[in-house]
Amino acid sequence: MTQTSVQTTHYVPDDLPTSIRHFIGGEFVDSVDGETFEVLDPVSNQTYAIAAAGQQADIDLAVAAAKDAFSSGPWPRMLPRARARVLHRIADAVEAQDARLAELETFDTGLPITQALGQAQRAAENFRFFADLIVAQADDTYQVPGRQINYVNRKPIGVAGLITPWNTPFMLESWKLAPALASGCTVVLKPAEFTPLSASLWAEIFRTAGVPDGVFNLVNGLGEEAGDALVKHPDVPLISFTGETTTGQTIYRNCAANLKGMSMELGGKSPAVVFADADLDAAIDSTLFGVFSLNGERCTASSRILVERSIYDEFCARYAARAQRIVVGDPHDPKTEVGALVHPEHYAKVMSYVEIGKTEGRLLAGGGRPETLPEGNYVSPTVFADVAPTARIFQEEIFGPVVAITPFETDAEALALANGVKYGLAAYIWTTDLVRAHTFAQSVDAGMVWLNSHNVRDLRTPFGGVKASGLGHEGGYRSIDFYTDSQAVHITLAPVHTPRFGGN
């Protein structure tokens, strides 16, 4: 079984920083105690930079700067239109350097350059979207004629703690930063330790756009050190986290002591259900893209494909043939479709699941490292068929270019298979039967469902999962709701009858 691949070169962008520092109160700073960690690039697995490793003292400084900017600075008190102008300038700056952002993101993460460019452009769109949304924000007013008017006063909550993952880091940082800043909050961002490079670019982008000092603060470091200190800090009332489920459970417990607001988008093992009446060409295109784009390192990946028995053999054969032709190679090569996984630790995890899969399913494509790529974190797109619902590769999130295909006979069996895991982030349904499509979509355990499509999002809609895939939803006004308090104000227009206790 051969895999299409191209020999890599070790491309290193010009002017690559050799050190990555925190950004606190408008200044780049080292850790208080001088702690650092090494940052690797995923093609060579060599150290290219030394990053400051945040500890409790660094988080304390960042939170203090953010709290002061919230309490006495201009940002929360600016008119929505004024904040929106700043957010649009941020979007302009991101668009103006999208090629450079993509180049650095590709080097740091191993994502194919064409996909990294799309993520940079999406980051700009996130800021534009929330800039417009905050100006259009309207709140409820209720009137009892001649008696009372009641209205909602929306207020930013305070310092938001943002903890972001290493897959598409720059875009996912923008997904949290844009609504938090639009709402008038100040922030402390803790990016993933595997991929701190692009996060460091926000500081200059924000400063040039006119974000006041202290509104944006960045602390690099390990999750169990910097992340844990941020979650537990008493002056941080909100935590927005994207990452894997076990870490989310730890954050949930640690937020409880201070009753913090939480928004958590966690793991996924999303099904793509392909019925016999589906447009098979479109379903194959979409399910290939859905699991192998972004190197398979995506929470909404359609990593379980459930196929009706009557088309199962044809689907498996065509799917495997296409998977074998996916181009694996140098992330900076525009022809590359799957690049290098983010880090050797993650590569080892994914490869362990590939070996497990060889005992749990029929290997149709991939199953190891491409022969022409002996170095770097490369995994051939791997396809297993005949995977039982009890198999680990069916039940557990792999977060790499590995897919499990399972047959079903009836709609009821398909639904049981789709819902038969602990996760519930996304689902994809392929059928031309309108009644079946809506009935199945409303019955599946998933926070988001796509009918006859891969993951194409409208930013106005809620994003989030159910079961082990998350807590709460973001997107559109739901993001604004998370970063603000809604205060009810009641105004009396007429004499109010009050029982006169003690008035006898």
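**View 1. The annotated domain in the predicted model.** The unreviewed UniProt entry assigns the annotation "domain: Aldehyde dehydrogenase" to residues 29-489. The model shown is predicted. Helix accounts for 41% of the chain over residues 29-489, and strand for 20%. The C-alpha atoms at the two ends of this stretch lie 43 Å apart.

**View 2. An open sheet of three strands.** The strand order is E6-E7-E23, and the pairing is antiparallel. Strand E6 (141-144) and strand E23 (484-492) form the edges. Each of these edge strands pairs on one side only. From one strand to the next, the twist averages 20°.

**View 3. The pairing of E6 with E7.** Strand E7 spans residues 148-156. Four bridges join E7 to E6, and the two strands run antiparallel. One residue pair to look for is Thr 141 with its bridge partner in E7, Tyr 151.

**View 4. The crossing of helices H5 and H6.** Two packed helices are described by the angle between their axes and the distance between the axes. Here, helix H5 covers residues 169-182 and helix H6 covers residues 202-209. Their axes come within 13 Å and cross at roughly 35°. The crossing of H5 and H6 is right-handed.

**View 5. Side by side: the residues where H5 meets H6.** H5 contributes Phe 170, Glu 173, Ser 174, Leu 177 and Leu 181 to the contact. From H6 come Trp 202, Ile 205 and Phe 206. The residues of this contact divide into six nonpolar, one polar and one charged.

Key: Residues numbered from 1 in each chain as written. Predicted model: local features only at pLDDT ≥ 70, side-chain atom pairs only at ≥ 80, totals over all residues. Heavy atoms only, no water. Pairing = 2+ DSSP bridges. Axes fitted to C-alpha atoms, helices over the stretch in contact; angles between N-to-C directions. UniProt positions renumbered as here; feature names shortened; annotations may be inferred. Left-handed = near helix turned anticlockwise from the far one by under 90°. Contact = heavy atoms within 4.5 Å. Nonpolar A, V, L, I, M, F, W, Y, C, P; charged D, E, K, R; others polar.
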